[in-house]
Amino acid sequence: AEALLAKWKLDAYKASQWDEQPQRTFDELMLPYLEETQSTKKSADRDRYAARRLFPFFTGMYVDAIGPEQFGKYRRKRTKDGVGAGTIGKEIRLFSAACNYAVREWGWDIPNPARGRSPKAPPGRLRWLRKDEADALVAAARANELAPHLADFIQLALATGMRKSEMLKLEWNRVDMGQRLIYLEPDDQKNGTRGSVPMNETARQVVTKRFSERTSDRWMFANKKGERIQSVKKSFSSALVVAGIADFTIHDLRHTVGAWLVQAGVPLRTVCEVLRHKDIRTTMRYAHLAPDNVREAMEMITENGSKSHSGHSSQKETRLLAG
């Protein structure tokens, strides 16, 4: 900190005396960027995690001296560490976002060497459960006496498609049993908007059960002391082992809802609204799970083509007979 302060004073003197633009280091860029954005960005925790990966490699480097070669080396190093392309991309995009912020908000005259340097994003993950697997998971969760809330958590997720954080932060004052709606505020949703989630009969029963067994007047998912449950990761992992389910995450419960809806013939636009995707392109990952819709469409083309061909042949035959 003392070294940075001394450098900033020298840079300020050069700028005032000779109008000389100072060179900015990675540290000068990233540290104040994280400090200024940590209270406004939903991804602040992830940003700090990514920054800790960037620092050992880029610390002390001048931003305008960083080029494609450095980012190539960084990608290779992270890949060698066993890190996936998606995570590496998030780290490099953080660097890019900090550069753009510095130019826009601080008036810095610096390039953005990270622009376009992220590796190609991998296909989005899609893992979902069959109905029998879901039943087995709920049964395993119900048998876990150390986490009496877990079965309700899983059932509510499978009945609504809500995200983990949306459920664990759910307050009773945002549950409307009369309208059968759960209301979400901008801070609750990933897309930063207000919204609502309709409750089907399964969700209504889960919410009613949670209310009858409540230990908190504020939180739906609370421990015996009335404190909000922060995580279900450990108990969820245990339930997966008991149910014999591998390669499955809590977020995959949401994917399961999307898969079930599409397989049931629900239009993708409606699935997009149910899952509250900001862009329907996110919902398109489930499109291949509805092959019957494509088959029916192709059959319609065949039927229409046959009718058109049949009509054309009849007219031709009529003309020949008339001739």
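## Helix 3 against helix 4

In this predicted model, helix 3 (residues 44–58) packs against helix 4 at an angle of about 125°, and their axes are 11 Å apart. Two packed helices are described by exactly this pair of values, the angle between their axes and the distance between the axes. The angle falls in neither the roughly perpendicular range of 65 to 115 degrees nor the roughly antiparallel range over 145, so helix 3 and helix 4 are oblique to each other. Their crossing is right-handed.

Which residues of helix 3 and helix 4 meet? Helix 3 brings Arg53, Leu54, Phe57 and Phe58, while helix 4 brings Gln70, Phe71, Lys73, Tyr74, Lys77 and Arg78. By type, the residues of this contact divide into 5 nonpolar, 1 polar and 4 charged.

## A salt bridge within helix 4

Lys73, one of the helix 4 residues that meet helix 3, also forms a salt bridge with Glu69, with the closest N and O atoms 3.5 Å apart. Side chains of opposite charge can pair when their charged atoms come close. Lys73 and Glu69 are 4 residues apart in helix 4 (residues 68–80), so about one helical turn separates them.

Are these two partners buried or exposed? Lys73 is partly exposed, at a relative accessible area of 40%, whereas Glu69 counts as exposed at 52%.

## More charge pairs, and a network

The count for the model comes to 21 salt bridges. Another of them lies in helix 9 (residues 201–212), where Arg204 and Glu201 sit 3 residues apart, about one turn of the helix. Their side chains meet with an N to O distance of 2.7 Å. Both partners are partly exposed: Arg204 has a relative accessible area of 26%, and Glu201 has one of 34%. Elsewhere, salt bridges that share partners join Lys77, Arg78, Asp81 and Glu91 into one network. Lys77 and Arg78 are also among the helix 4 residues that meet helix 3.

The pair formed by Arg174 and Glu171 has its closest N and O atoms 3.7 Å apart. Here both partners are buried, since Arg174 has 6% relative accessibility and Glu171 has 18%, each under the 20% cut-off.

## Two loop residues with positive phi

Most residues other than glycine have a negative phi. Two residues that you may like to look up in the backbone are Asp247 and Arg276. Asp247 has a positive phi, near 50°, and Arg276 also has a positive phi, near 55°.

Where do these residues lie? Asp247 is in the loop between helix 10 (233–243) and helix 11 (252–263), and Arg276 is in the loop between helix 12 (268–274) and helix 13 (280–283). Their surroundings contrast: Asp247 is exposed, with a relative accessible area of 55%, but Arg276 counts as buried at 9%.

## The chain as a whole

Stepping back, the protein chain has 14 helices and 3 strands. Of its 323 residues, 38% are buried. Among the contacts in the chain with a separation of 6 or more, 60% are between residues 24 or more positions apart.

How values were computed:
Residues numbered from 1 in each chain as written. Predicted model: local features only at pLDDT ≥ 70, side-chain atom pairs only at ≥ 80, totals over all residues. Heavy atoms only, no water. Salt bridge = Lys/Arg side-chain N within 4 Å of Asp/Glu carboxyl O. Buried < 20%, exposed > 50% of the residue type's maximum accessible area, 1.4 Å probe, protein only. Axes fitted to C-alpha atoms, helices over the stretch in contact; angles between N-to-C directions. Parallel < 35°, antiparallel > 145°, perpendicular 65-115°, else oblique. Left-handed = near helix turned anticlockwise from the far one by under 90°. Contact = heavy atoms within 4.5 Å. Nonpolar A, V, L, I, M, F, W, Y, C, P; charged D, E, K, R; others polar.
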